[in-house]
Amino acid sequence: MARKVRIVDYDPNWKKQYKEEESKIKAILGDNCAGIYHIGSTAVKDMKAEPIIDIMAVVKKLHLADGKLKEFIDAGYEYKGEYGTPGQRFYVKGGDEPSCHIHIFEEKNASELARHFAVPNYLMTHAEECRAYEKIKMDLAEKYPENYEAYTEGRKEYLDELEKKAMDWNIKQSKLGSYMAMGMSMGLVVGCAVGYVFSHMIAGICIGVVAGMCLGTVIGRMKVGK
């Protein structure tokens, strides 16, 4: 049976579904599990999406995850190999009407981890982009309701551009956070000195940290842009 395209309103139960799968994946991976994360459109609150829970599992050693193939199959997952992404182990639950995808990466695969985090993080703070992406998905779903390959190909160009914007934004946010942390550290030192001089240590520290954070934010925005 061909896979159909279905875009639905945001469902608060997606969080619960993610948690249920998360506990199963943790149990299978055991101590090799370094982290499990809800990614993809269902992780973005109030965003229309395909009702498929995308999960990224980060492992310490990929070959140890490969040794858990039987356990994943017994839990209802179908193994799809790298599925077009080198270094990935991809599993699907639900056959032609999937309910869950698992993307497994080794923790040292920084580029793929950053790429999979970037888009949902960006969409969570850019409502206009969410609405634009929703419209593209809904238009394509209406045009290709029973042709998932055409639906996927139709949104590829937009997704590539969205991913680039999201990666750039995440890099800027990381740099801004570094400047804020630097400002807070400097503020803490200055605040301690001021507090010591005026015998109001707590007040001095609080004022220094807030002032340092503000200064770091201003410098960061000047350096990396808004």
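Two strands are said to pair if DSSP finds at least two bridges between them, and in this predicted model strands β4 and β5 pair in the antiparallel sense over five bridges. One of the places where this pairing can be followed is K93, which stands opposite C100 in β5. The two strands form a hairpin with six residues between them, and in that hairpin G94 takes a positive phi near 115°.

From this hairpin it helps to step back to the whole chain. Seven helices and five strands make up its regular elements, and from the N terminus on they follow the order α-β-β-α-α-β-β-β-α-α-α-α. Of the 226 residues in the chain, 38% are buried. Among contacts between residues at least 6 apart in sequence, 64% join residues that are at least 24 apart. The accessible surface of the chain comes to about 13,200 Å², and carbon and sulfur atoms account for 59% of that area.

The strands can now be taken in turn, beginning with β5. Seven of the seven residues of β5 are buried, so this strand is largely enclosed by the rest of the structure; the cut-off behind that statement is a relative accessible area under 20%. The burial holds on both sides of the strand, for C100, I102, I104 and E106 point one way, H101, H103 and F105 point the other way, and all are buried. Besides its hairpin partner β4, with which β5 runs antiparallel, this strand is joined to β2 by seven bridges, and here the two strands run parallel. Within that parallel pairing, D54 stands opposite H101 in β5, and the bridge partner of I55 is I102.

Strand β2, residues 53-59, is likewise mostly covered, with seven of its seven residues buried. On one side of β2 lie I53, I55, A57 and V59, on the other lie D54, M56 and V58, and all of these are buried, so that both faces of the strand are covered. A further partner of β2 is strand β1, residues 33-39, which is joined to β2 by six bridges and runs antiparallel to it. In this antiparallel pairing, G35 stands opposite V58 in β2.

Some of the residues named so far return when one turns to the pockets. The largest pocket holds about 1,300 Å³ of space. It is lined by 36 residues, of which D54, H101, H103, R155 and L159 lie nearest its centre. The elements that give two or more residues to this lining are β4 (89-93), β5 (100-106), α4 (110-124), α5 (127-143) and α6 (148-198), and the largest share, eight residues, comes from α6. By residue type, the lining of the largest pocket divides into 13 nonpolar, 10 polar and 13 charged residues. D54 and H101, which lie among the residues nearest the centre of this pocket, are also the pair that stand opposite each other in β2 and β5.

The second largest pocket holds about 240 Å³ of space. Its lining is formed by R3, K4, V5, R6, Q17, E50, P51, I52, D96, E97, P98 and S99. These lining residues divide into four nonpolar, two polar and six charged.

Which residues other than glycine have a positive phi, and where do they lie? D46 has a phi near 70°, and its place is in the loop between β1 and β2. Y83 has a positive phi of about 55° and lies in the loop between β3 (77-79) and β4. A relative accessible area over 50% is what makes a residue exposed, so D46, at 51% relative accessibility, counts as exposed, and Y83 counts as exposed at 52%.

A last stop is A27, which lies in helix α1, residues 13-29. A27 is exposed, because its relative accessible area is 64%. The C-alpha atom of A27 is separated by 9.7 Å from that of E71, a residue 44 positions away along the chain.

Note on methods
Residues numbered from 1 in each chain as written. Predicted model: local features only at pLDDT ≥ 70, side-chain atom pairs only at ≥ 80, totals over all residues. Heavy atoms only, no water. Helix = DSSP H or I, 4+ residues; strand = E, 2+ residues; numbered from the N terminus. Buried < 20%, exposed > 50% of the residue type's maximum accessible area, 1.4 Å probe, protein only. Contact = heavy atoms within 4.5 Å. Areas by Shrake-Rupley, 256 points an atom, 1.4 Å probe, with all protein chains shown as cover. 1 Å grid on protein atoms, 1.4 Å probe; cavity = no way out; pocket = protein on both sides within 12 Å on 5 of 7 lines; lining within 4 Å. Points joined across faces, edges and corners; volume = space filled by probe spheres on them. Nonpolar A, V, L, I, M, F, W, Y, C, P; charged D, E, K, R; others polar.
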